[in-house]
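Welcome, and please get your viewer ready. We will go from stop to stop, with a selection to make at each one.

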Amino acid sequence: MSVLNKVRKNLPHIKQNTELLFNNTGLCIKIISCTLSVCYFFSFWSKSSTVFGVTPGYLFPPSFWLWTPFTFCFFETHLWQVLLDIAMVAVCGKLIEPLWGELQVLVFFAIVNVGVALACAVFYYVLYMCTWDPELLFSVHVRGLAGYLAGVTVAVKQIMPDSTVLDTPAGRITNRNVPLYTIFIALVLWFIGFVDGTKPTMVISGVLMSWTYLRFYQRHTNGTRGDMADNFTFASFFPVIVQPPISVLSNSVYSIFVKAGICRKTVRRVDIASAPTGITVALPGIRSHDMDRRKLLALKALNSRLVDTNKDAPRMDNIESERRDSVVISIGDSEQTSKLSPANMVSNKTT
């Protein structure tokens, strides 16, 4: 009873914080959040993990349960996971949707989740071929938004790489470090038995799928695809000391994918500008997209400052009105300041 009483007392605060969290978010974010809430009640059905989750042995032939890559992300086992998913989806709506647009957020949600489902299924198939353990095919059920949440950290790293998340004695933790920390935390939670083995697999797959899509395939309003900026390379996810060997390995894999036709080779174009500066080198997908992203962030920061200024404006007007109504009276060598109402000022004039 005491727990229920505490919940009832805090219910207005919970409602207020929820409204603030979902305020000014798009319809897509609200639909995803409502679907997560409704599907949680279906998770109490004993066969929900098999029917709606991705089971590697049923996804590929001969079963072909092709609907599971589209439904697995909406089903969680525990309530705290549902609440975490809803909170992160709302944060995605606050940070990413104003810059990308509602359609791009929906495309990102679909591509990352479907990619995570396929990647996890292939991973467990490979494990099965190494161990010949049939439980890896039919007892493993992949479900939840862990992969998408990891993908959101990659998107935030792309948009605001240098924003500080946490200050520690060892140094700052910025958004560029969050994806790697997310993988590390998922592995630790699996090692201590707090989550099952599918969660780290989903997190790693989500980071890889999100980075691949944002790096090479995402369409932008200026006609380019991907983001080939130097601060968004695969090696940038790792500490500086290990980036050189990882760069060599990732560039080799990228060259193989280019030859196989999976990825397109980066096109570098030189435009002769009419400006007096002479020649301007434009790298599609690098400079233009990076500058557009910085302009949007600067405009967002400017708008927030203008809102704060407008809030402070009435306060300054009150101070100015008080100064106008104050009268300085000189008595000998001393001065006294008194506040007079308009009625008193009129009476003084008549006298």
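Which residues does V54 touch, not counting residues up to four places away in sequence? Select V54 and find out: the contacts are L59, T68, P69, F72, A117, A121, V140, H141 and V142. Keep in mind throughout that this is a predicted model.

**Stop 1: around V54**

V54 belongs to the loop between α3 (48–52) and α4. Is V54 buried or exposed? With a relative accessible area of 0%, V54 is buried, because the cut-off for that label is under 20%. Now add P69 to your selection and draw a distance between the C-alpha atoms: V54 and P69 are 15 residues apart along the chain, and their C-alpha atoms are separated by 6.3 Å.

**Stop 2: the whole chain**

Zoom out for a moment. The protein chain has 351 residues, and 33% of them are buried. Colour by secondary structure and you should find 15 helices and 6 strands. If you plot a contact map, take the contacts between residues at least 6 apart in sequence: 62% of those join residues at least 24 apart.

**Stop 3: two backbone details in one loop**

Select P61 and P62 next and show the backbone as sticks. Which kind of peptide bond joins P61 and P62? The bond is cis, with omega at about 5°. P62 is placed in the loop between α4 (56–59) and α5 (68–71).

Stay with that loop and click on F64, which also lies between α4 and α5. F64 is not a glycine, yet its phi is positive, at about 60°. Its relative accessibility is 47%, so F64 counts as partly exposed.

**Stop 4: W132**

Now jump to W132, in the loop between α8 (102–131) and α9 (135–138). Here is another residue that is not a glycine but has a positive phi, of about 55°. Is W132 buried or exposed? W132 counts as exposed because its relative accessibility is 60%, and the cut-off for exposed is over 50%.

**Stop 5: aromatic rings**

Show the side chains of Phe, Tyr and Trp. How many aromatic pairs does the structure hold? There are 23 aromatic pairs. Begin with W45 and F52: the ring centres are 6.4 Å apart and the planes stand at 65°, so this pair is edge-to-face. Both partners are partly exposed, W45 at 44% relative accessibility and F52 with a relative accessible area of 22%.

Then select W211 and F216. Why does the pair of W211 and F216 count as edge-to-face? The ring centres lie 5.6 Å apart and the planes are at 80°, and an angle over 60 degrees earns that label. W211 and F216 are both buried.

Extend the selection to Y217, F232, F234, F237, F238 and Y254. Together with W211 and F216, these residues form a cluster linked by ring pairs. Before you leave, add K157: its charged end sits over the ring of F237, 4.9 Å from the ring centre.

**Stop 6: the second largest pocket**

If you have a pocket surface loaded, turn to the second largest pocket, whose volume is about 500 Å³. Which of its lining residues lie nearest the centre? They are L84, A146, L149, T182 and V203, out of 21 residues in the lining. Colour the lining by class and you get 15 nonpolar, 3 polar and 3 charged residues.

To see where the walls come from, select the helices α6 (79–95), α10 (146–159), α11 (178–191) and α12 (198–217), each of which supplies at least two lining residues. The most come from α11, which gives 6 residues.

**Stop 7: A150**

Finish at A150, in helix α10. A150 is buried, with a relative accessible area of 1%. Leaving out residues up to four places away in sequence, A150 touches T182, V203 and V207. Two of these contacts, T182 and V203, are also among the residues nearest the centre of the second largest pocket. For a last distance, pick A150 and L180: these two are 30 residues apart in sequence and 9.4 Å apart in space, C-alpha to C-alpha.

Note on methods: Residues numbered from 1 in each chain as written. Predicted model: local features only at pLDDT ≥ 70, side-chain atom pairs only at ≥ 80, totals over all residues. Heavy atoms only, no water. 1 Å grid on protein atoms, 1.4 Å probe; cavity = no way out; pocket = protein on both sides within 12 Å on 5 of 7 lines; lining within 4 Å. Points joined across faces, edges and corners; volume = space filled by probe spheres on them. Helix = DSSP H or I, 4+ residues; strand = E, 2+ residues; numbered from the N terminus. Nonpolar A, V, L, I, M, F, W, Y, C, P; charged D, E, K, R; others polar. Phe/Tyr/Trp six-rings, centres within 6.5 Å; stacked < 30°, edge-to-face > 60°. Buried < 20%, exposed > 50% of the residue type's maximum accessible area, 1.4 Å probe, protein only. Lys NZ or Arg CZ within 6 Å of the ring centre and 35° of its normal. Contact = heavy atoms within 4.5 Å.
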